[in-house]
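Colleague: Could you take one part of this model and go through it closely? I would like the packing of one helix pair, with the chain as background.

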Amino acid sequence: MKCKIALVRDGSAEPGSRSIDEDAARWSEILRERDDATMREAFQAWQAQSPGHAEAYARAEAARRLADLLADEPELQSLRSETLGRVARQGQARRASRRNWAMAASLTVASLLGALGLNLGDSWRMVGDARDALAGNVYRTGVGQRERFTLADGSVITLNTDSRVSTHYRDGLRAVTLERGQALFKVAKDRSRPFVVSAGGRQVTALGTEFDVYLSPRAFEVTLLEGRVTVTRTVKPAAVASARPTAAATAPLAELRPGEQFVALAKAAPQVRAADVRRVVSWRNGQIVFENERLGDAVAEINRYSQRKIVLADATLASLKISGAFNTGDTGTFVEALTDYFPIERDTLDNDDIVLKPRAPLRG
């Protein structure tokens, strides 16, 4: 832990012992273990010392994401062993965990770049995602995963299951696109650069605040936890480039206050309503909370967190109402609660999916 104490104490590396990239890699690791106000202040002081520090931190984060993305490739496994061995020989080894592999990978960005040139067979999509990751602007989670990412400006994005965002920072604007899924944004204050999230043909603009955005084929939702945001229609790229979007494009659809939610459902007029913030962000703690929810909607939500899906074999089941709290990804417990409480029975398909059907005729 000596190197971490040194970083916190004076905000820099031990004299002559490490490069900026190595310091950035350690900050990437430290902020995952402890991201409190004191540590964040020390990190920001280090980052403010030079523009190169922010660039190095972005490279370290990109290398970590690339290492996660390609972790199962034989070439990367070989690189992992080689890198950890070298770090151990230098007396810098820590627990041989996936997290420390991410740190070690951040220390060898050049080696990872070389690994991209290896023959990865038919994994063209993986390579494309890896190149995006190296560019430092793509963050994603798989089904059932939940992860937090700290951006170069100190803003934090927490991604829910099966989600993907891309960031496009430039002078005067911090632009983020939620391509799918759900994300909680905790925005670092910077009055000179608004933080704009685009999703579902709409934009959410904030300066320093905390809000949740959910995007699915049937819904777009923005829930404000802290501060204030505006929701507008998506500004055309040409308008953004000219910095002179039209009044119609920027007219707010809504201005939210803490505890309010903007909801746009398919084939329905958008509305602003009071939100149960605890329920909306319960996924941060690995839970899903239902209160008098339609079973059809509850099943759809449970299915987001698991490769094992639930299928309702009878349309009458969808209108049943359910309340309760369940752990994300725990499909078995959810089904057990249904079969205990309702006249429902289950079948298991060959692919391990679960089919629910009535034990007796149900009243619609």
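Modeller: Here is the helix pair, then one residue, then the whole chain.

This is a predicted model, where local features need pLDDT of at least 70, side-chain atom pairs count only at pLDDT 80 or more, and totals for chains, interfaces and linings use all residues. Residues are numbered from 1 along each chain as its sequence is written, and side-chain values use heavy atoms, with hydrogens and water left out.

Take helix α2 (residues 20-33) and helix α3 (residues 37-48). Helices here are DSSP runs of H or I, at least four residues, and strands are runs of E, at least two, numbered from the N terminus. The two axes come within 11 Å and cross at roughly 160 degrees. Axes are lines fitted to C-alpha atoms, for helices over the stretch in contact, and angles run from 0 to 180 degrees between N-to-C directions. α2 and α3 are therefore roughly antiparallel, a term for angles over 145 degrees.

Now the contacts (heavy atoms within 4.5 Å). From α2 come Ile20, Asp23, Ala24, Trp27, Ile30 and Leu31; from α3 come Met39, Arg40, Ala42, Phe43 and Trp46. Nine of these residues are nonpolar, none polar and two charged. Asp, Glu, Lys and Arg count as charged; Ala, Val, Leu, Ile, Met, Phe, Trp, Tyr, Cys and Pro as nonpolar; the others, Gly among them, as polar.

Gln47 also lies in α3. Gln47 is buried, at 13% relative accessible area; buried means under 20% (1.4 Å probe, protein chains only). Beyond its neighbours within four places in sequence, Gln47 contacts His53, Ala54 and Ala152.

The chain has 13 helices and 18 strands. Of its 364 residues, 45% count as buried.

Terms used: Parallel < 35°, antiparallel > 145°, perpendicular 65-115°, else oblique. Buried < 20%, exposed > 50% of the residue type's maximum accessible area, 1.4 Å probe, protein only.
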